[in-house]
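These are my notebook entries on one protein chain. I record what I looked up, entry by entry.

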Amino acid sequence: KRLAKQQKKEERKNNGTFTLDKAAIGDELEVVGVHAEGAPEDWEIWLEEIGFTAGEPCVVLQKAALGGDPIAVRIGVSTFALRLVEARCIEVRRRD
């Protein structure tokens, strides 16, 4: 609960946006953008090519048992396993 409360506070501070690695299982989200700062430069292109583009709906389906890495994410009709470091490059917000 404490972590969820802290995440809500961060969301308010960031205008409701956060990175995909912080999402919970079942969260219905919308991609805001991809920002691969500090990651290999081709990650931004790769993530956009597989569907993580602004406005696209996505949902976290599963997280690995120990540490939550990797996570399973549905974007459109496709499902991908992303490492947390990759998910950290994707900015999202909750869908209304």
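**Entry 1: Ala81.** I looked up the cover of Ala81 and found this residue exposed, at 59% relative accessibility; exposed means over 50% relative accessible area, buried under 20%, and partly exposed in between, with a 1.4 Å probe and protein chains only. The model is predicted: local features need pLDDT of at least 70 and side-chain atom pairs count only at pLDDT 80 or more, whereas totals for chains, interfaces and linings use all residues. Residues are numbered from 1 along each chain as its sequence is written, and side-chain values use heavy atoms, with hydrogens and water left out.

I placed Ala81 in strand E5, residues 78-82; strands are DSSP runs of E with at least two residues, helices are runs of H or I with at least four, and both are numbered from the N terminus. Setting aside residues up to four places away in sequence, I noted that Ala81 touches Ile71, Ala72 and Glu86, where contact means heavy atoms within 4.5 Å. The C-alpha atoms of Ala81 and Ile71 are 5.5 Å apart, although ten residues separate the two along the chain.

**Entry 2: the chain as a whole.** I counted three helices and six strands in the protein chain. Read from the N terminus, their order is α-β-β-α-β-β-β-α-β. The chain has 96 residues, of which 35% count as buried. I then looked up its contacts: among those between residues at least 6 apart in sequence, 62% join residues at least 24 apart. The accessible surface comes to about 6,200 Å², and carbon and sulfur atoms account for 50% of this area. Such areas come from the Shrake-Rupley method with a 1.4 Å probe, and for residues only the protein chains shown count as cover.

**Entry 3: salt bridges.** Side chains of opposite charge can pair when their charged atoms come close. I took a salt bridge to be a side-chain nitrogen of Lys or Arg within 4 Å of a carboxyl oxygen of Asp or Glu. By this rule I recorded five salt bridges, and I looked up three pairs.

Which residue forms a salt bridge with Asp21? The partner is Arg88, with 3.3 Å between the closest N and O atoms. Arg88 lies in the loop between H3 and E6, and Asp21 in the loop between strand E1 (17-19) and strand E2 (28-34), so this pair ties together parts that are 67 residues apart in sequence. Arg88 is partly exposed at 43% relative accessible area, whereas Asp21 is buried at 14%.

In a further pair, Glu28 and Arg95 form a salt bridge whose closest N and O atoms are 3.0 Å apart. Glu28 belongs to strand E2 and Arg95 to the segment after E6, so I noted another link between distant parts of the chain, 67 residues apart. Both residues are partly exposed, Glu28 at 49% relative accessibility and Arg95 at 36%.

The side chains of Glu86 and Arg83 also meet in a salt bridge, at 2.8 Å from N to O. Here Glu86 is buried, with a relative accessible area of 8%, and Arg83 is partly exposed at 41%. I had already met Glu86 as a contact of Ala81.

**Entry 4: around Asp21.** I returned to Asp21 for its other neighbours. Apart from residues up to four places away in sequence, Asp21 touches Lys63, Leu84, Ala87 and Arg88. Its C-alpha atom is 7.7 Å from that of Val85, and the two residues are 64 apart in sequence.

**Entry 5: Cys89.** Is Cys89 buried or exposed? I found Cys89 buried, with a relative accessible area of 5%. Its place is in the loop between helix H3 (84-87) and strand E6 (90-94). Leaving aside neighbours within four places in sequence, I listed its contacts as Gly33, Val34, His35, Ala36, Ala39, Trp43 and Leu47. For Trp43 I also looked up the C-alpha separation from Cys89, which is 8.4 Å across 46 residues of chain.

**Entry 6: a charged patch.** Finally, I looked up a negative surface patch and found Glu37, Glu44, Glu48 and Glu49 in it. Patches are made of residues with over 30% relative accessible area and no salt bridge, like charges being joined within 9 Å and nonpolar side chains (Val, Leu, Ile, Met, Phe, Trp, Tyr) within 5 Å. Asp and Glu count as negative, and the place of a Glu charge is taken as CD. Of the patch members I checked Glu44, which lies in helix H2, residues 42-49. At 31% relative accessibility, Glu44 counts as partly exposed.
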